[in-house]
Amino acid sequence: MSATTGSLFDHHSTRIEEVINKNIEVFLPSLDPVWRDTVVTSQGVGPADAIGRDMKILKVYMGSMAGVLEQGNPRGDVGLYGDDTDTLGSKMYLQNLNQTWPDPLNGPNASPYRLGIPMRSMMSNIMFTLGELQAEAVPAFIGDVIAPKLEGFAKNISHTLCNYWYVNQNDQYKLGTIASIVDGDAFDAIDNASTSARLTIDEGTYDRFYVGQSVDIVKSDGDFRKNDSGADGSQTTATRIRLFVRSIDELKGYVTLQAATDATHTNGTAFVASGGDTAHDTSVGDYIVYANQADVTVAAGANMAPTGIAGINSWLKSGDVSADNTKFLLGAERDTSNQIDLSVHPEFKSFTKSSVGTLTEHKLRQYLRRFHSAKNKYGQYIDCLVASDGVWLAYEATKIGREILDRTGRLSSMSSEGSNEGFSFAFDGRTYQGYTSTYVEDGSVYGIRKGGNNWKRYVPPTPSGYSTFGQADSFVPFNFIAGALTGTGTNKLPIYDSSATGNRSMVTEGVQMPGLLRMQLVPDQPAGMKLTGVTTDTVYSEY
C-alpha cells in the first residue's frame, strides 16, 4: 500500500528512489567572515561573578582627577629654597613658617558612576517526529533527516547572533527596509503565488536572510505589526500570520517571503490585511524584522519596544540629545537606574558623520584623526574598519583615475591587477585593518576597537541539568533545557494533544526539544566611529 496522502512519507516520496545515495548536500548560509574571524576570535569572556541580581552586569567608572596641584612660585618656591628667615646679627637667624602647602580640601575626588547592562535571552524549540525517525531508518531513503535538521537549527542560532551584531536598535532591529514590491503579475511563475511576496530592500543586506527564517513585517515607527489578521487595527486582538523567508536572490537583489496562511496581494502591495484593514497592508518603507521579537500586547499606536543582544549600534552612540536611543549608551534598553548620559559623560561618545558622500583617503584621514585627537588621552583607539563591498569599491575607484602604468624598459603586463582581500590603512603611526561585510547596510562604515579583547561575552552560569548543543558554534552559549525541567537525562519532551474529549492529554508522534540562550556583548571601550550616507558602487544582476 502506498504512503497515505499528506503523510511525511508521501511528502518525501520523491526522495525514495531505486538508486540510493546517502550523501546529501544542505545549502546553509555561512557566517559573516568579519564576525566569525575577527569579532568572535578576538572576544574575551566576561566573568560570571560580574552578573548581579536581576541578571544585570554592572560596570563602575570613575572619570575625575583627584588632589591639588599648584605652582610653587606664589609660595616663594618653598619646596626649592625653604621658608623665610629673620637674621639675628651676623651669627644667627630665626626660621619662619609663613608658607603653607595647598589646602587638601580644595582637591576634587572622583565620584563613581555605574552602567547597568541587562542580560538578554532567546528561547527556542525544535520538533522531531516518529515518522522522521522511521524515514531515516528506511534504506531507500536518500540522505539523512535528523542530522540536516539539527545542522540547520545550529546555523539558525549562529546566523541570528551574527545578525544581531549588525542590526540597529534605533530602527526596530530591522533586517531590511522594504524598498519595492514586485507587481503581482510577476508571481505567475511562483508556486503559491497568493501567499508569497517578492521584495527588494534599501540596505542591500540580503545575506541577513536565509531560507526558513521566521520574520515579521512591522510599521517603521514600531507602532504595530503588519502581518496580523485583525481588521480593527489593534494587534492585541489580532492573530499573527506566520511569515517565512522562502528564497533569496542575492545576484538580482530579491527576498521572497512566504505566508503560512492565505494573505492575498495585488500590484504594489505585498500582503493585504483581511476585512479591509488597510492600515495593516504591507507597504514600501515597512521593516522586515525577526519574528516575535517585540511586545505586540501593547496598545495599538504604542511602540512595541523590541529588544535584542547588544551589537555595535547599541554601543556606538552619537550623543544626540533629541532621542534616548542616541543620548544614552544602550539607548532605550538601558538600565535607567544605572545609565550613562553622553551629554554628561561625552568621553563615551562615538564619532558619527552622516551624508559623507564619496569617501576619499583624505576624508578617512580627517575622521580618524578627529577620533584619536579626542580620545587618545583616555587610551581609546580604533583598529578595525568594516563596510559594505560597495563602499570599498567606490573608495578604490577614487584612486583608479590617478593610476600610472610604468613601462620604462618593460613590456606591458596584465599580471598582478585587482586588489588584495581586505586592506591595511596606516596613518599617524597606527594601522587600521579594513574588512568587507555583506551584512553591513550599504553606505555605512563602522570603526571599532577589537584589540585587547575589547568585546566580551557575558554568559550566566549554566544550571545543573542543562545540555549543551554540540553542533552549535563554540561561541554560542546555547543549551537544551528539558533535562533541567524534568530532572532526567533526556533533551526531549513529548507533545500532547489536549483537545481530546474529557480534556485528556493524548500522546502524539512528536517530541519537542526546548532550548535557551542567555548572553550579552559588552565592550570595555564603547566609543567608535560610524559613517553613513557614503557613496557606494554596488551592482546587481540584470535577471
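Visitor: Which residue has its charged end over the ring of F128?

Guide: In this predicted model, the ring of F128 has a charged group placed over it, at 4.9 Å from the ring centre. A charge counts as sitting over a ring if it is within 6 Å of the centre and within 35 degrees of the ring normal. The residue that supplies the charged end is K149.

Visitor: At what distance from the ring centre of F328 does R334 lie?

Guide: R334 is placed over the face of F328, and the cut-off for such an arrangement is 6 Å from the ring centre. The value for R334 and F328 is 3.9 Å.

Visitor: How confident is the predictor in the protein chain on average, and where is the confidence lowest?

Guide: The chain has an average pLDDT of 81, with 82% of the residues scoring at least 70. Over residues 16-21 the pLDDT stays under 50, and the model gives that stretch 10 contacts beyond four places in sequence. Residues 184-189 are also below 50, with 9 contacts beyond near neighbours in sequence. As for the helices and strands, confidence is highest in strand 25 (residues 529-531), at 96, and lowest, at a mean of 58, in helix 1 (residues 8-11).

Visitor: How many helices and strands does the protein chain have, and what share of its residues count as buried?

Guide: The protein chain contains 10 helices and 25 strands. Among its contacts between residues at least 6 apart in sequence, 74% join residues at least 24 apart. The chain exposes about 28700 Å², of which carbon and sulfur atoms supply 51%. Of its 543 residues, the share that counts as buried is 42%.

Visitor: Is D286 buried or exposed, and which side chain makes a polar contact with the side chain of D286?

Guide: D286 lies in the loop between strand 12 (254-259) and strand 13 (287-290), and because its relative accessible area is 3%, under the 20% cut-off, D286 counts as buried. Leaving aside neighbours within four places in sequence, the residues in contact with D286 include G176, T177, I178, I217 and D281. One of them, T177, is 109 residues away in sequence, yet its C-alpha is 5.9 Å from that of D286. The polar contact of the D286 side chain, at 2.8 Å, is with the side chain of K226.

Visitor: Which residue has its backbone nitrogen 2.7 Å from a polar atom of the side chain of N454?

Guide: N454 is located in the loop between strand 18 (445-448) and strand 19 (455-458), and at 0% relative accessibility N454 is buried. Beyond four places in sequence, N454 touches R449, V522, P523, D524 and Q525. The backbone nitrogen at 2.7 Å belongs to Q525.

Visitor: What is the phi of Y173, and what is the phi of N292?

Guide: Most residues other than glycine have a negative phi. Y173, in the loop between helix 5 (146-166) and strand 8 (176-181), is buried at 1% relative accessibility, whereas N292, in the loop between strand 13 and helix 6 (312-315), is exposed at 53%. Neither residue is a glycine, yet phi is positive for Y173 and for N292. The phi of Y173 is about 55°, and the phi of N292 is about 55°.

Visitor: How many aromatic pairs does the structure hold, and what kind of pair do Y61 and Y113 form?

Guide: The structure holds 15 aromatic pairs. For Y61 and Y113, the ring centres are 5.9 Å apart and the planes meet at 25°; because planes under 30 degrees apart count as stacked, this pair is stacked. The pair joins distant parts of the chain, with Y61 in strand 2 (residues 56-62) and Y113 in strand 5 (residues 112-118), and the separation in sequence is 52 residues.

Visitor: What kind of aromatic pair do Y61 and F348 form?

Guide: Both Y61 and F348 are buried, with Y61 at 15% relative accessibility. The ring centres of Y61 and F348 lie 5.0 Å apart with 80° between the planes, and because an angle over 60 degrees counts as edge-to-face, the pair is edge-to-face.

Visitor: Which residues form one aromatic cluster with W35?

Guide: The cluster consists of tryptophans, with W35 as one of its members. The residues that join W35 are W165 and W455.

Technical notes
Residues are numbered from 1 along each chain as its sequence is written. Side-chain values use heavy atoms; hydrogens and water are left out. pLDDT is the predictor's confidence in each residue, from 0 to 100. Helices (H or I, at least four residues) and strands (E, at least two) are DSSP runs, numbered from the N terminus. Contact means heavy atoms within 4.5 Å. Buried means under 20% relative accessible area, exposed over 50%, partly exposed in between (1.4 Å probe, protein chains only). A polar contact is a pair of N or O atoms within 3.5 Å; within protein, one must be able to donate a hydrogen and the other to accept it, and residues adjacent in sequence count only if both atoms are side-chain atoms. Rings of Phe, Tyr and Trp (its six-membered ring) pair if their centres lie within 6.5 Å; planes under 30 degrees apart count as stacked, over 60 as edge-to-face and the rest as tilted. Accessible areas come from the Shrake-Rupley method with a 1.4 Å probe; for residues, only the protein chains shown count as cover.
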